[in-house]
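Please work through the exercises below with the sequence and the structure at hand. Each task is followed by a solution in steps.

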Amino acid sequence: MENILVIGIAGGTGSGKTTLMKNLISRFQGDVTVLSHDNYYKRHDELTYEDGAQVACGFGTCYEALMKIGISGNDRVLVTGLGPVGLATLMLAKAMGCDMTIGTDVNEERMQLARDLGLADYVFNSADPEACQAKIMEVTQGYGCERAIDCSANNSARAMAIRCTREWGKMAMVGEGNDVTFNPSPDIMHGQKSIYGSWVTSLWRMEELVEHLVRWGIHPDKLITHRFELKDVAEAYINYMLSVDGGDETLYLRDGKTLQLQPGMTGVGCFMKCAFAGWLEQTGRKLEDCDFYDPDNSCWFPPMGEVQ
């Protein structure tokens, strides 16, 4: 890219900043990238670029939830779902001084990562929720956890998190989508439990978080397991989808050469078009030449390195 011009627009309320910005966008359609000041927080040199990249929708999301329910040395913290947000929740809960951390998932790779990074005192497989709940109650001497956070968006995991929350304890739901079924009287009312909903975070809370990351000496980049260059974005999306335990009905290799992505699979809908667009660019193909592409049904295309 050549001849990049950076334009800063400043002024008081009602001075016409937005009008000027809209006029520039209209005049240079397709050639303007708008970076709002509201998207920024103070830079800390102690943090890496990769640390900062995970603050908003990853660490910021779970930090918001942890601040809502409050974490102290009195608390044992249960985290259900050990994806990026769940692992971040464990990391922050430990930094905030909780007494014990417990993580649950069904993905062995994610569970092992939690162990390897020392993020959880106990890691349990929740494929059998009742057996998992029994183990959690055992290591908490039958009391349950004072604080619980669900990052899985899984019905059974959410219900287990509620039931494993100690009397008078607090539980937050962070995982997006799906539903949950539980019995209000025995599961929350009789135990005087509180359930919080928490979604993303604010700019001022992100500024607070990055300050604490420096003070606590923790780095979100420890959670990164794969790195891709921008030109390999399609491969990155495919790698993500392959890591999701969708089963043969939703994601599989055909003849060892082609990959099927189905929009019905959790997380695929928002990534499919990006992955396919990246593949088209990398292979020099045009969309109109790909009669096998059907975004409403399935998307077949060779994985990276297999293109002739």
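The exercises concern cysteines, salt bridges and strand pairing.

The model is predicted, so that local features need pLDDT of at least 70 and side-chain atom pairs count only at pLDDT 80 or more, while totals for chains, interfaces and linings use all residues. Residues are numbered from 1 along each chain as its sequence is written, and side-chain values use heavy atoms, with hydrogens and water left out.

**Exercise 1.** Determine how many disulfides the structure holds.

Solution. Step 1: a disulfide is a pair of cysteine sulfur atoms within 2.5 Å. Step 2: the structure holds zero disulfides. Step 3: for Cys98, the nearest cysteine sulfur belongs to Cys145 and is 9.5 Å away. For Cys151, the nearest cysteine sulfur is that of Cys62, 6.6 Å away.

**Exercise 2.** State whether Cys98 is buried or exposed.

Solution. Step 1: buried means under 20% relative accessible area, exposed over 50%, and partly exposed in between (1.4 Å probe, protein chains only). Step 2: Cys98 has a relative accessible area of 13%, so Cys98 is buried. Cys151, at 16%, is buried as well.

**Exercise 3.** Explain which parts of the chain the salt bridge between Glu64 and Arg205 ties together.

Solution. Step 1: a salt bridge is a side-chain nitrogen of Lys or Arg within 4 Å of a carboxyl oxygen of Asp or Glu. By this rule the count is eight salt bridges. Step 2: the closest N and O atoms of Glu64 and Arg205 are 3.5 Å apart. Step 3: helices (H or I, at least four residues) and strands (E, at least two) are DSSP runs, numbered from the N terminus. Glu64 lies in helix 3 (residues 55–69) and Arg205 in helix 9, so the pair joins parts 141 residues apart in sequence. Step 4: both Glu64 and Arg205 are buried, and Glu64, Arg205 and Glu208 are linked in a network of salt bridges.

**Exercise 4.** Describe how strand 2 and strand 3 pair.

Solution. Step 1: two strands pair if DSSP finds at least two bridges between them. Step 2: strand 2 (residues 100–105) and strand 3 (residues 122–125) have four bridges and pair in the parallel sense. Gly103 stands opposite Val123 in strand 3. Step 3: from strand 2 the chain passes through helix 5 (residues 108–116) to strand 3 in a right-handed β-α-β crossover. Right-handed means that, with the strands pointing away from the viewer, the path from the first strand over the helix to the second runs clockwise.
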